Amino acid sequence: MYYLGLDIGSSSIKAALVEISSGKSIGVVQEPEKEMSIHASQKGWAEQAPEDWWKYCCDAIVKLKTKYKISRTQIKGIGISYQMHGLVLLDKKGKPLRKSIIWCDSRAVTTGENAYEAIGEVKCKTHLLNSPANFTASKLKWVKENEPEIYKSIYKFMLPGDYIAYKFSNVMNTTISGLSEGIFWDFKKNNIASFLMEHYGIEENMIPDIVDTFGLQSKVNGIGEAESAIAAGTPIFYRAGDQPNNALSLNVFEPGEIAATGGTSGVVYAVTNSLSVEESSRVNNFAHVNYTKDKEARIGKLLCINGAGIQYRWLLNNLEVKSYSEMNALAANVEVGADGAIMIPFGNGAERMLNNQDIGTRLVNVNLNRHDKAHLCRAALEGIAFSFVYGIEILKSDGITVNVIRAGNDNLFRSEIFANTIATLIEHDIEIYNTTGAIGAARAAGLHEGGFEKFGKYITDNDYVKTFKPLQDKTVYVKAYQAWKKELELIINK
């Protein structure tokens with residue numbers, strides 16, 4: 001018997017099967033094979049059709065069942081992970097009223113900034129743990145102001161994962177974790193953020209019913225069965241945004257545990273029980289998957305680094321090299337510190353952790369008689385690693401502790417130089433696991449009855465790859481990081 005996990009991304013839908021008895025991943029498929037399109041009718045806009053997500057979910061399920069010869073009755077529960085901060089608007093018949101305004105759409109930036117100023121910094125920090133910023137609530141306010149006819153027809157608003165659960169079941173609901181990522185949750189009152197809803201003029205009856213993150217949320221109905229090929233009556237047991245779910249996938253639930261992602265952009269996601277928001281302008285704060293109203297808070301502090309793997313990919317595309325493996329081998333021939341060459345890797349737009357400055361990529365201290373592409377590879381890997389360390393320092397100033405970092409066995413963390421640099425400078429282990437968001441969501445379906453210890457054992461037994469331990473002599477790493485940090489601060493403080 002199996003659990004099904006779905007990961008609703010903006011580039012593709014991934015579906016995974018996990019064996020219930022062992023927690024072992026059976027397989028993962030992706031739909032479509034090529035990236036889904038993002039509609040951008042104006043600069044800074046980004047939209048996708050929710051119906052497309054559902055179509056690709058159904059296609060992925062059929063592909064998964066066919067590939068692994070699984071019948072619909074063998075799937076005993078569903079877990080859903082989804083792209084955060086998207087806005088889906090449904091009418092009373094459950095039909096989307098417009099395309100979803102997704103996470104990377106920036107049209108509501110000014111809306112959020114105006115709300116932050118009007119409501120006040122102190123209230124936003126103490127109640128929302130964030131600025132309203134360009135999150136889901138601000139996007140809904142934008143619709144109210146700019147598309148009033150659509151707004152009048154709204155029955156419920158949803159996040160992307162809520163919509164997929166609705167398509168399975170014809171039941172409209174959401175979670176506290178989901179509401180918090182949309183900035184609809186008041187952490188001080190442990191309830192809907194009524195003051196923000198009132199400020200934006202949004203009716204609270206547009207919010208779907210709230211269900212637990214883990215538990216029986218709804219069941220597949222007849223229409224859901226006909227479209228998805230999942231048996232009617234199959235329960236939906238779990239739902240969470242992609243970053244909290246990635247942390248769950250790496251067994252990150254408690255204070256001191258950090259999940260890291262080193263893809264095109266980098267993410268450091270730290271769990272804490274503190275409601276401190278000293279760095280709310282640079283760090284987002286959301287209810288983690290194990291946040292509940294009646295227990296000690298579990299807050300996920302999310303720090304994003306836009307200029308991460310994209311920097312290394314740019315080098316791959318512009319140096320005479322064939323692969324990342326070749327680049328890593330070249331970098332390994334250069335000593336720590338890249339013989340003085342320094343790369344500042346922030347070339348992928350404004351960086352929130354740098355207070356939204358867009359400083360670009362900088363390559364400094366290059367000696368044309370001494371440095372070659374091997375030095376550039378080393379400087380890039382170190383520069384990206386240093387940006388993670390810099391981000392972790394910001395998180396520490398916001399009250400988090402670090403006991404362990406867990407990361408997926410993806411792009412950057414496959415590099416020993418990258419992982420060793422971070423582990424050595426923060427003086428903590430980095431554990432590497434072979435897992436994905438879809439696998440995590442499938443396993444999380446099994447947490448509807450508790451069993452977090454068993455869940456962690458599934459991950460360590462099935463997914464563990466290796467541990468990078470801090471090197472004993474970190475002198476050269478500290479020297480290189482201090483030189484990098486000095487260059488960065490000259491740029492951002494000019």
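Biologist: Hi! Are H12 and H13 roughly perpendicular or roughly parallel to each other?

Modeller: Roughly perpendicular (65 to 115 degrees), because the axes of H12 (residues 324–332) and H13 (residues 373–397) cross at roughly 100°. Those axes come within 8 Å; they are lines fitted to C-alpha atoms over the stretch in contact, with angles from 0 to 180 degrees between N-to-C directions. This is a predicted model: local features need pLDDT of at least 70, side-chain atom pairs count only at pLDDT 80 or more, and totals for chains, interfaces and linings use all residues. Residues are numbered from 1 along each chain as its sequence is written, and side-chain values use heavy atoms, leaving out hydrogens and water.

Biologist: Nice. Which residues of H12 make the contact?

Modeller: Met 327, Asn 328, Leu 330, Ala 331 and Ala 332 of H12, where contact means heavy atoms within 4.5 Å. On H13, the residues include Cys 377 and Leu 381.

Biologist: Switching topic: what is the strand order in the open sheet of seven strands?

Modeller: The order is E17-E18-E16-E15-E21-E22-E23, with mixed pairing; two strands pair if DSSP finds at least two bridges between them. Strands (E, at least two residues) and helices (H or I, at least four) are DSSP runs, numbered from the N terminus. At the edges are E17 (284–287) and E23 (464–468).

Biologist: And how many bridges join E17 to E18?

Modeller: Four, and the two strands run antiparallel. Asn 285 has Lys 301 in E18 as its bridge partner.

Biologist: Last one: is H15 mostly covered or mostly open?

Modeller: Mostly covered: eight of its eight residues, 437–444, are buried, meaning under 20% relative accessible area with a 1.4 Å probe, protein chains only. Arg 443 is among them.

Technical notes:
Buried means under 20% relative accessible area, exposed over 50%, partly exposed in between (1.4 Å probe, protein chains only).
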